[in-house]
Structure formats: C-alpha cells, structure tokens
Amino acid sequence: MSTGYPLLLVVAAALIDSEGRVLVQQRAPDRSMPGLWEFPGGKVEPGETPEHALARELVEELGVTVAPSAFSPLAFASEALGERHLLLLLYAAREWRGEPMALDASAIRWVNVEEMRTLAMPPADVPLVEALAALSLVPA
Ligand SMILES: Nc1nc2c([nH]c(=O)n2[C@H]2C[C@H](O)[C@@H](COP(=O)(O)OP(=O)(O)OP(=O)(O)O)O2)c(=O)[nH]1
C-alpha cells in the first residue's frame, strides 16, 4: 500500500561512554519538535552512505570524529512524520575523537536508560530507547 508520502531517511547515533551512558541532545527552539531530546544525527543526503552521513552529522552537531566503520547497527524506526514517512536508522558507537559539544542543539546530556525514559523524545525514539534497554548495552 502506498501512503503517497516520500520516504525520509534519517540516521542517528547512540554514542556510548565507558560507563554505559548514552549521549542525547535537545532540539533547538527554531527546529521542528523544539525542546525534544533526540539521538544526534540527521538526514542522509543524495549520494551518501548512511554511515558517512552519520559521521558527517556528528562532526557538524558535536564536533566529534567517528570512523564510518565504527558504527554498529542497533535498531530502526519506521513511522509517519507529517507528510513524510520517517525511516530512522539507529547505530551505536563506542569510539570517537574529540569531546562532544552542543554545536547545533540547545544542550547535550549523558544519560542511562532510566533517565532516557523520563525525557520527552520524538515518537519514533520511544521504541528505540526500549531496543537499547533490551540489548543491555547500557545499564538500566
Ligand atoms: N537526529 C534525529 N532526528 C530525529 C530523531 N527522531 C526523529 O523523529 N527525528 C526526526 C527529526 C527530523 O524531522 C529528522 C531529522 O532531520 P534533521 O536532523 O536534519 O532535522 P531538522 O530539524 O533539520 O528537520 P526538520 O526540521 O526538517 O524536521 O528526523 C532522532 O533521534 N535524531
């Protein structure tokens, strides 16, 4: 069945630190879904692989460098987003160069799963948080 809506391919990263916490960032007031907490990432541009797009987004948004080969697929979300259909691919990364900074977002935070469950996040992210919890990659 066709919805008639174009597919929006978005990649996002769960950066996991040595204590098992995950980095989340708060969407700026001038963006769609302002104030919500999300995984850093963004849209895949034409001609990019998902992994290269994600590496580019992490430089732009956090100032950190991750080798595209260092991303491990974790989970995905597929759902309506306004007049588009969002396909959101979530990857994990445990190694990066640089100290993450909020270059694009209002704020960044390192959180465990319990804290993540208390944050307001986009609807597509809610099952992704549970996928993270189920994989026991981060402490509950
Ligand atoms: N980066 C990121 N985007 C997410 C997440 N969950 C979710 O629904 N999205 C959506 C928000 C955006 O519509 C889209 C990502 O696009 P983008 O990062 O280029 O953001 P944007 O603000 O420029 O997008 P938009 O205003 O056009 O919606 O995916 C998430 O965890 N991380």
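**Exercise 1. Place strand S2: what cover does it have, and which strands does it pair with?**

Step 1: cover. Strand S2 spans residues 22-26 and is mostly covered, with four of its five residues buried. Buried means that 20 or more other C-beta atoms, placed from the backbone, lie within 10 Å of the residue's own. Strands here are DSSP runs (E, at least two residues), and helices are runs of H or I with at least four, numbered from the N terminus.

A note on the model: it is predicted, local features need pLDDT of at least 70, side-chain atom pairs count only at pLDDT 80 or more, and totals for chains, interfaces and linings use all residues. Residue numbers start from 1 along each chain as its sequence is written.

Step 2: pairing. Two strands pair if DSSP finds at least two bridges between them. S2 pairs with strand S7 (residues 107-111) in the antiparallel sense, over five bridges. S2 also runs antiparallel to strand S3 (residues 37-38), joined by two bridges.

Step 3: a shared residue. Gln26 has Ala107 as its bridge partner in S7. In S3, Gln26 stands opposite Trp37.

**Exercise 2. Describe the largest nonpolar core.**

Step 1: membership. A nonpolar core is a set of buried Ala, Val, Leu, Ile, Met, Phe, Trp, Tyr and Cys residues joined through C-beta atoms within 7 Å. The largest one has 35 residues, of which Ala13, Ala14, Leu90 and Tyr91 touch the most other members.

Step 2: sources. At least two residues each come from S1, S2, helix H1 (50-62), strand S5 (72-81), S6 and helix H3 (125-134). S1 gives the largest share, six residues.

Step 3: one member. Beyond its neighbours within four places in sequence, Ala13 is in contact (C-beta atoms, placed from the backbone, within 7 Å) with residues including Phe39, Leu54, Phe71 and Tyr91.

**Exercise 3. Which residues come nearest the ligand, and which strand gives the most to the shell?**

Step 1: nearest residues. Of the 15 residues around the ligand, Ser32, Glu38, Gly41, Gly42 and Pro122 come nearest. A residue counts as near if its C-beta atom, placed from the backbone, lies within 6 Å.

Step 2: strands. Strands S1 (7-15), S4 (41-43) and S6 (84-93) each supply at least two shell residues. S4 gives the most, with three.

**Exercise 4. What pattern does the protein chain follow?**

Step 1: elements. The protein chain has three helices and seven strands. Along the sequence they follow β-β-β-β-α-β-β-β-α-α.

Step 2: extent. The C-alpha trace spans about 45 × 30 × 30 Å along its principal axes.

Conventions:
Buried ≥ 20, exposed ≤ 12 C-beta atoms within 10 Å, placed from the backbone. Contact = placed C-beta atoms within 7 Å.
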